[in-house]
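Work through the exercises below with the model open. Each task is followed by a solution in steps.

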Amino acid sequence: MSASRRTFYITTPIYYVNDRPHIGHSYTTTVCDVAARFHRFLGLDVFFLTGTDEHGVKVEKSAAERGVSPQALADQNAAEFQRVLQMLDFTNDDFIRTTQPRHTLQVERFVQRLIASGDIYLGQYEGWYDEGQEEFVPDTRAKDQDYKSAVSGKPLVRMREDNYFFRLSAYQQRLEQLYDQQPEFVRPEARRNEMLGRLRDGLQDVPVTRTSFTWGIPIPGQDRHVLWVWLDALSNYVTALGLGLEPHETDLVPRDRARFWPADYHVIGKEILFFHAIFWPAMLMALDLPLPRCVYAHSFWISEGRKMSKSLGNFIDLPTIQGYIDSFSLDAFRWFLITQGPLGSTDTDFARAKFIEVYNSDLANTLGNSLSRVVNMIGKYFDGRAPEPGSHTIEGFDWPSITRTAVDHTIAAMARLELSEAMDAALGLVRQVDAFIDATRPFTMAKDESQREQLAAVLYQCAETLRIASMLLWCALPNKIEQAWRMLGQSVEPAAGNLRDLCTWGGLKPGTMLTRGDALFPRYAEQKSE
Ligand code: MSP
């Protein structure tokens, strides 16, 4: 592999360790995993990062409530997050924890640099604080929100502290320019507009240290002050690549990871956009580091029509997720998340009835059914061997061109992180195979010996199109597609990064042995409860 391959760096937020993994964390991570797998298969040099955010007052308080040390709580829950990542088959290249020395060391360096440049200075803060969000709330917004958190609804806390401040206001103009010159910096559009609104309101300097608790990275030489958790947490995106290391410190982070910066996508939920879209680029500007290409802020899952909350007990939590995986398969769960999920600017309902509908229509009736139909017919009429393509074409079905268009469409949509559009283009091929079978009726052709060549051509075209569709669908349905490859007689190694070659028409060699297998996605009928 050449050193000059195009890089693709995608990150999830790092998750707070005072919470248990739930649908929200799984969703963002699945989006990143699908994009990472696809781009690796395409041959890009990919780095996919996730991890845990372990400092701050919230973690300190949760630990105290449980009677354990914050580090013990962090260790326990970081392990739980890692276990879940494995259970969900994610392919992250690293897992960063903000209590790791490789991270804290670099963050201290960043802070020293920012103090030296005057971007961080000592002052005093008096105002409102949202503890759930770890966010300082300006007076006017606090009043508009009736002194409650816009996210959790809990009362804001009045705070008066000596703090170090980050000179955010000094970056107002450069941020305006960024938004102007890089319109895709924040997506989707509705979220970008929100941030333009925040810029129009004018930016104030932000306190970046706290003195009322101790669970954080101490300010070098100023032990009374610990770093505000957001400055600490955001830095993970560059500390994991070693951008704050001295030249000799290669053992902390592999040196060649620096090539991945700047990130292509920071994928996050909409509630933490300000930090990523305003504070983070300003901090990078102050550190003289290049800016990410896009901060993508998705919306929220709600549950059966209502906001998820502990009091309603309607959290799509881990046991619920496990239940879906047991009944429908992990791949089906991934498919639902990425094709139906809230990547756009409105929240999406996670409803069981909808899940079953999508499962049956996309996976059981379309993908699974089409594959078994075609493999079965080839089994029956050609002893399981892929027939000769011959020269027959059927009016309205120029397959080389149809597949090329779908492949280009999927690749382009994936690059824009439009996952449901990408998967729709890929599954569209399968739907067209169904339409083709309906139009050509190979089972009728099979009864007429004189149509043997035509039958061979039709079934070759079906199998070859399904093979190409399978390449495009692998990123979302890796386990099931690997099963489909066995049925289609294909041995594929996505790590080889040759997706485009594999999608070239004619890749299915005549004579290849196809084998019938279990239904990929058995149709699901809900048991009626008595
Ligand atoms: N630790 C911060 C992020 C620091 S990043 C430098 C944090 N952590 S969190 O544990 O609260 O995770 C928040 C993320 O979980 C959201 O940004 C989003 O990615 C995901 N979700 C949490 N609830 C969600 C839904 N209901 N729906 C979809 N995703 C949501 O914030």
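A cavity is a set of grid points where a 1.4 Å probe fits but cannot get out. Its volume is the space filled by probe spheres set on those points. The model is predicted.

**Exercise 1. Find how many cavities of 30 Å³ or more the structure holds, and how much space lies in the largest cavity.**

Step 1. Count the cavities that reach the cut-off. The structure holds one cavity of 30 Å³ or more.

Step 2. Take the volume. About 50 Å³ of space lies in the largest cavity.

**Exercise 2. Describe the lining of the largest cavity by residue, element and class.**

Step 1. List the residues. A lining residue has an atom within 4 Å of a cavity point. The lining consists of Tyr15, Pro21, His25, Ser26, Thr29, Phe81, Val84, Leu85, Leu88 and Phe90.

Step 2. Assign elements. Helix 1 and helix 3 (70-87) each give at least two residues to this lining.

Step 3. Sort by class. Seven lining residues are nonpolar and three are polar. No charged residue takes part.

**Exercise 3. Describe the shell around the ligand: which residues come nearest, and which elements supply it?**

Step 1. Start with the residues. There are 23 around the ligand. Ile14, Thr28, Asp53, Gly269 and Trp301 come nearest.

Step 2. Map the shell onto elements. Strand 1 (7-16), helix 1 (23-41), helix 8 (229-234) and strand 12 (265-269) each supply at least two shell residues. Strand 1 gives the largest share, four residues.

Step 3. Sort by class. The shell has 13 nonpolar, eight polar and two charged residues.

**Exercise 4. Trace polar contacts of the ligand, then state how much of its area the protein buries.**

Step 1. Apply the cut-off: a pair of N or O atoms within 3.5 Å.

Step 2. Take the ligand nitrogen. One such atom is 2.8 Å from a polar backbone atom of Ile14.

Step 3. Take the ligand oxygens. An N or O atom in the Thr28 side chain is 2.6 Å from a ligand oxygen. For Glu271, a polar side-chain atom lies 3.2 Å from an oxygen atom of the ligand.

Step 4. Turn to area. The ligand taken alone exposes 670 Å². The protein buries 93% of that.

**Exercise 5. Decide how compact the chain is for its length.**

Step 1. Count the elements. The chain has 19 helices and 15 strands.

Step 2. Compare radii. The radius of gyration is 26 Å, close to the 24 Å that the globule rule gives for 530 residues, so the chain is as compact as a globular protein of that length.

Step 3. Add the box. Along the principal axes, the C-alpha atoms fill roughly 90 × 60 × 40 Å.

Definitions and conventions
Residues numbered from 1 in each chain as written. Predicted model: local features only at pLDDT ≥ 70, side-chain atom pairs only at ≥ 80, totals over all residues. Heavy atoms only, no water. Near = heavy atom within 4 Å. Polar contact = N/O pair within 3.5 Å; in protein donor to acceptor, adjacent residues only side chain to side chain. Areas by Shrake-Rupley, 256 points an atom, 1.4 Å probe, with all protein chains shown as cover. Nonpolar A, V, L, I, M, F, W, Y, C, P; charged D, E, K, R; others polar. 1 Å grid on protein atoms, 1.4 Å probe; cavity = no way out; pocket = protein on both sides within 12 Å on 5 of 7 lines; lining within 4 Å. Rg over C-alpha atoms; globule rule 2.2 N^0.38 Å.
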